[in-house]
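User: Please give me a close look at the sheet in this model, and at what surrounds it. Keep it brisk, and put the details in one connected answer.

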Amino acid sequence: MTITEATAIVTRILGKEIRYATAAAAAQPHTDDFRNFTILAVEKIAQAAKTGKWYFVATLVDHDDGDVEKVRSLHIEGII
């Protein structure tokens, strides 16, 4: 994935509700460990130095935690 592709993905989800697979769901695909977020703003898109995975830092609404607004780092590959 390139920065252009990562930016295009993140741009498409801005302002939308997404379903996100947590690390537990990625490790054991049969588990239902997902979160539901609405992405309000994106502060950064970057590639992790250690893993090479693309991630973004976003202000979001966590629908699984009483619609609380939070800032979180999310891996792009976790978006469903």
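**The sheet and its surroundings**

Analyst: Start at a contact site. Leaving out residues up to four places away in sequence, Ala6 touches Met1, Ile45, Trp54 and Ile76. Keep in mind that this is a predicted model. Ala6 belongs to helix 1. Its relative accessible area is 0%, so Ala6 is buried. Trp54 is 48 residues from Ala6 in sequence, yet their C-alpha atoms are 7.1 Å apart.

Now the frame. The protein chain holds two helices and four strands. Read from the N terminus, the order of elements is α-β-α-β-β-β. The four strands make up an open sheet, in the order 1-2-3-4, with antiparallel pairing. Why is one side of strand 1 and of strand 4 left without a neighbour in the sheet? Strand 1 and strand 4 (68-75) stand at the edges, and each has a single partner strand, so one side of each stays free of a neighbour in the sheet. Direction ignored, neighbouring strands of this sheet are turned by 50° against each other on average.

Helix 1 (residues 3-13) packs on this sheet. The strands that helix 1 touches are strand 1, strand 2 and strand 3 (54-62). The direction of helix 1 makes about 140° with that of strand 2.

Next, the pairing. Strands of a sheet pair through backbone hydrogen bonds, either parallel or antiparallel. Here, five bridges join strand 1 and strand 2 in the antiparallel sense. Two positions in this pairing are worth naming. Arg19 has Asn36 of strand 2 as its bridge partner. Glu17 stands opposite Thr38, again in strand 2. For strand 2 and strand 3, the antiparallel pairing runs over nine bridges. Lys44 stands opposite Val57 of strand 3 there. Strand 2 and strand 3 form a hairpin with six residues between the strands. In that hairpin, Gly52 takes a positive phi near 80°.

Go back to Thr38, which lies in strand 2. Thr38 has a relative accessible area of 15% and is therefore buried. The cut-off for buried is under 20%. Its contacts, not counting residues up to four places away in sequence, are Gly15, Lys16, Glu17, Thr59, Leu60, Val61 and His63. Glu17 is thus on two lists: it stands opposite Thr38, and Thr38 touches it.

From Thr38, move to strand 4, where Glu69 is placed. The C-alpha atoms of Glu69 and Thr38 are separated by 9.3 Å, with their positions 31 residues apart along the chain. Is Glu69 buried or exposed? Glu69 is exposed, because its relative accessible area is 54% and the cut-off for exposed is over 50%. Glu69 touches Leu40, Thr59, Leu60 and Val61, not counting residues up to four places away in sequence. Thr59, Leu60 and Val61 also appear among the contacts of Thr38.

Just before strand 4 comes a loop. Asp67 is placed in the loop between strand 3 and strand 4. Its phi is near 60°, a positive value in a residue other than glycine. Relative accessibility is 48% for Asp67, so it counts as partly exposed.

Now the rings. A pair of aromatic rings is described by the distance of the centres and the angle of the planes. How many aromatic pairs does a search of the whole structure find? It finds one. Tyr20 and Phe37 form this pair, with 6.1 Å centre to centre and 50° between the planes, and it is tilted. The pair links distant parts of the chain. Tyr20 is in strand 1 (residues 17-21), Phe37 is in strand 2 (residues 34-47), and they are 17 residues apart. Both Tyr20 and Phe37 are buried. Another ring has a charged partner: Arg19 lies over the face of Phe34, at 4.2 Å from the ring centre. This is the Arg19 that has Asn36 as its bridge partner.

Finally, the totals. The protein chain has 80 residues, and buried residues make up 32% of them. Of the contacts with a separation of 6 or more, 36% come from residues 24 or more positions apart. The exposed area of the protein chain is about 5,000 Å², and carbon and sulfur atoms supply 52% of it.

How values were computed
Residues are numbered from 1 along each chain as its sequence is written. This is a predicted model: local features need pLDDT of at least 70, side-chain atom pairs count only at pLDDT 80 or more; totals for chains, interfaces and linings use all residues. Side-chain values use heavy atoms; hydrogens and water are left out. Rings of Phe, Tyr and Trp (its six-membered ring) pair if their centres lie within 6.5 Å; planes under 30 degrees apart count as stacked, over 60 as edge-to-face and the rest as tilted. Buried means under 20% relative accessible area, exposed over 50%, partly exposed in between (1.4 Å probe, protein chains only). A charge sits over a ring if NZ of Lys or CZ of Arg is within 6 Å of the ring centre and within 35 degrees of the ring normal. Contact means heavy atoms within 4.5 Å. Accessible areas come from the Shrake-Rupley method with a 1.4 Å probe; for residues, only the protein chains shown count as cover. Two strands pair if DSSP finds at least two bridges between them. Axes are lines fitted to C-alpha atoms, for helices over the stretch in contact, and angles run from 0 to 180 degrees between N-to-C directions.
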